[in-house]
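Please open the model in your viewer and keep the sequence beside it, since each stop on this tour begins with a selection.

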Amino acid sequence: MTLTVAIIGRPNVGKSTLFNRLVGKRVAIVDDMPGVTRDRREGDATLSDLSFRIIDTAGLENVHDSSLESRMREQTEAAFLEADVALMMIDARTGPTPVDEHFVQWLRRHKTPVILVANKCEGAAGQSGLLESYALGLGEPVPLSAEHGQGLVDLYNALRPYA
Ligand code: GDP
Ligand code: MG
């Protein structure tokens with residue numbers, strides 16, 4: 001069975017940037033459940049000798065109605081149901097926000113294992129946010145810079161046990 005990994009988190013933390021970095025050219029647009037998965041993308045990812053299916057949860061950015069939270073939950077839940085492990089991404093430069101904390105509360109009610117990923121860690125700007133992210137209670141964060149391709153060895157080591 002292929003490992004399935006979902007990237008989750010609030011908008012603008014860098015989920016799609018990581019997705020694009022990990023996925024080759026075969027990206028499928030999934031549009032089978034309008035309003036829930038319409039912006040979801042999935043593809044075949046490789047990280048060194050690891051091959052896995054990856055799901056980018058992206059619908060929230062383009063939704064402008066009053067049910068943001070339920071949309072977020074629906075889309076995340078759909079990805080979660082298929083995932084063997086989830087990458088919960090935060091922005092290390094801003095540190096954990098109330099939205100992140102809310103998200104984490106919700107994640108706790110699910111059995112899917114969660115790896116905390118602190119993105120935008122290049123340079124020094126992410127260091128305090130990285131430390132603050134321990135308070136989310138998801139264990140040791142994986143420091144990453146999806147944009148600059150830094151931290152991929154740590155990400156590999158975090159994912160390896162699930163392969
Ligand atoms: P998403 O909404 O979570 O999918 O986030 P995106 O992947 O669309 O990225 C949101 C913004 O963050 C974009 O402007 C990216 O260029 C930027 N970004 C993504 N990864 C990094 C990173 O590692 N470092 C920095 N500084 N910016 C990043
Ligand atoms: Mg996105």
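Begin with the hairpin formed by β3 and β4, where 2 residues lie between the strands and where Ser48 takes a positive phi near 55°. Bear in mind as you look that this is a predicted model. Select Ser48 itself, which sits in the loop between β3 and β4, and note that its positive phi belongs to a residue other than glycine. Is Ser48 buried or exposed? With a relative accessible area of 67%, Ser48 is exposed, because the word applies to values over 50%.

Next, select residues 41-47, which make up strand β3, and follow the 7 bridges that join β3 to β4 in an antiparallel arrangement. To see one of these pairings, pick Asp44, whose bridge partner in β4 is Arg53. Then add residues 3-8, which are strand β1, and you will find that β1 and β4 pair in the parallel sense over 5 bridges. Here Leu3 is the residue to highlight, as it stands opposite Phe52 in β4.

Now keep only β4, residues 50-56, in the selection. Why is strand β4 described as largely enclosed by the rest of the structure? The reason is that 5 of its 7 residues are buried. Within this strand, select Ile54 and show what surrounds it: leaving aside neighbours within four places in sequence, Ile54 is in contact with Val5, Ile7, Phe19, Leu22, Val23, Arg41, Glu42, Gly43 and Ala45.

From here, move to the largest nonpolar core, which has 25 residues, and colour Leu18, Phe52, Ile54, Leu87, Leu155 and Leu159, the members that touch the most other members. At least two residues of this core are supplied by each of β1, α1 (15-22), β3, β4, β5 (85-91), β6 (114-119) and α5 (152-159). The largest share, 4 residues, comes from α5. Apart from this core lies another one, of 21 residues, and to locate it you can select Ile90, Val104, Val114 and Leu130, which are among its members. As a general background to both stops, nonpolar side chains in soluble globular proteins tend to be buried together.

For the last stop, select Lys120, which is found in the loop between β6 and α4 (127-132). Its phi is near 65°, a positive value in a residue other than glycine. Is Lys120 buried or exposed? Lys120 counts as buried, at 16% relative accessibility, because buried means under 20%. Looking back to the hairpin, you can set this beside Ser48, which is exposed.

Note on methods:
Residues are numbered from 1 along each chain as its sequence is written. Chains are lettered from A and ligands numbered from 1 in the order in which they are written. This is a predicted model: local features need pLDDT of at least 70, side-chain atom pairs count only at pLDDT 80 or more; totals for chains, interfaces and linings use all residues. Side-chain values use heavy atoms; hydrogens and water are left out. Buried means under 20% relative accessible area, exposed over 50%, partly exposed in between (1.4 Å probe, protein chains only). Two strands pair if DSSP finds at least two bridges between them. A nonpolar core is a set of buried Ala, Val, Leu, Ile, Met, Phe, Trp, Tyr and Cys residues joined through side-chain atoms within 4.5 Å. Contact means heavy atoms within 4.5 Å.
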